[in-house]
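Hi there,

Here is the structure I promised to pass on to you. Have a look at it first, and then read my notes below.

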Amino acid sequence: MVPAWAFPTSPPPPKGTPPVVYDSVTLHGVPNSTQRYTRKQVANAFDIPDWFPRQHPAMPSSVQYGVRPDGRACGFCHLPDGQGRPENGTLAGLPVEYTVRQVRAMRDGTRGHANPSGTANPMISVAKGFADDEVRTAARYYARLRLTRRNIIREVADVPTTRIAGLLYALDGTGTEPIAGRLIEAPESIERHELRDPWVRYTTYVPLGSLARGRRLTTPGPVGAPTNCATCHGPQLLGVGDVPPIAGRAPSNLLRQLINFRTRARRDSTATPMYAVVDSLTIDDMVALAAYVGSLPPSRSPRK
Ligand code: HEC
Ligand code: HEC
């Protein structure tokens, strides 16, 4: 019963397809950055592009260079400032112990994902490529950074049509279609997303009424007070102790995590408290919760 639309995934290239050769001549830029990189540099997972070096502290080696052969640099996917991309998620502001435990769970096989296409979670080989102390250094770096909003949430009857580009949707510009209960998230520019621009915005399209429905489910909670999100995730859902913040994070990622708990793809020892929360929810409820929680401010004093 896992909806395939929640896990957009391009099919793997047919066997025998030669590896992509990236252009190493033409320089590209993104708005407000003076850096210039070729496609080949943007695709280098062991010395990552950094469009805004002054917007974050110096990166530790695990974030910038990773550990060959399997430990691709964390910043390659989660970006130097930890804002992440919807398909991998934000690390900025996550508790250190939470990050370390999640990576360990991916390495040990107690955290998978419910993607019905059966495609492997790219984090798993990465998790196997790093030792715990390298993960901890990265986790400490990201824990100090602050999440800023990258998503605009729109309630719609009809959604622009999309194509699947890797592990997310891209607008295809051909028209609209009924949203039909889905949550569809796409960058304003697939080009900037692919250049790993941390400031590209994403629009999250959800069915009409989702935000109000999500708010009602958040408080008092899907099955009453013990499942009130704020009881564990803290006031304004900004996290408490080792329980992660959830406010203002990418709704498509929040939705996938709710499904991952519901299907027990996430079954590390600390996942258990989430089971009572999700077990009574329909997909429509989860879409509503992901939209509402993702619409909340991600920090007490948002940075501009
Ligand atoms: C090749 C891309 C890639 C690299 C490199 C990568 N990750 Fe990830 N990461 C992902 C994806 C994809 C997910 C989403 C998995 C899921 O939905 O369960 C993820 C999820 C996570 C999560 C879970 C976040 C949450 O809130 O649930 C943590 C923590 C994490 N990564 C930490 C790291 C750290 C630390 C590094 C470097 C040591 C790293 N990742 C490197 C792709 C990557
Ligand atoms: C009884 C405590 C409890 C309640 C109530 C609770 N959560 Fe959680 N939640 C947790 C814990 C603990 C984790 C971390 C799970 C882990 O370590 O795998 C978590 C993780 C999550 C995650 C994954 C975040 C990530 O970084 O991947 C999401 C999304 C989430 N909760 C949403 C919610 C929502 C929405 C509600 C209210 C409807 C809620 N939670 C209520 C304890 C709770």
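A good place to start is Ile 259: leaving aside residues up to four places away in sequence, Ile 259 touches Val 2, Pro 3, Ala 6, Phe 7, Ala 114, Ile 283 and Met 286. Please keep in mind that this is a predicted model.

Ile 259 also belongs to the largest nonpolar core, which has 41 residues; together with Trp 5, Leu 183, Leu 237, Leu 255 and Val 287, Ile 259 touches the most other members. Several elements give two or more residues to this core, including β1 (151–156), β5 (202–207) and α10 (251–262). The largest share, eight residues, comes from α12. Both domain 1 (4–10 + 20–143) and domain 2 (151–295) contribute at least three residues each to this core.

Now for the two domains themselves. Their C-alpha centres are 20 Å apart, and the contact takes 41 residues from domain 1 and 42 residues from domain 2. Between them, domain 1 and domain 2 bury about 3800 Å², with 57% of that on carbon and sulfur atoms. On the side of domain 1, Trp 5, Pro 8 and Pro 86 lose the most area to domain 2, together 20% of what that side buries.

There are polar links too. Two salt bridges are counted between domain 1 and domain 2, and 24 residue pairs are in polar contact across the interface. Of the residues on the side of domain 1 that touches domain 2, the largest share, five residues, comes from α4.

Have fun exploring, and write back with any questions!

Best wishes

Technical notes:
Residues numbered from 1 in each chain as written. Chains lettered and ligands numbered in written order. Predicted model: local features only at pLDDT ≥ 70, side-chain atom pairs only at ≥ 80, totals over all residues. Heavy atoms only, no water. Core = buried A, V, L, I, M, F, W, Y, C linked by side-chain atoms within 4.5 Å. Buried < 20%, exposed > 50% of the residue type's maximum accessible area, 1.4 Å probe, protein only. Helix = DSSP H or I, 4+ residues; strand = E, 2+ residues; numbered from the N terminus. Domains from an automatic or database assignment. Contact = heavy atoms within 4.5 Å. Buried area = accessible area lost by both parts, 1.4 Å probe. Salt bridge = Lys/Arg side-chain N within 4 Å of Asp/Glu carboxyl O. Polar contact = N/O pair within 3.5 Å; in protein donor to acceptor, adjacent residues only side chain to side chain.
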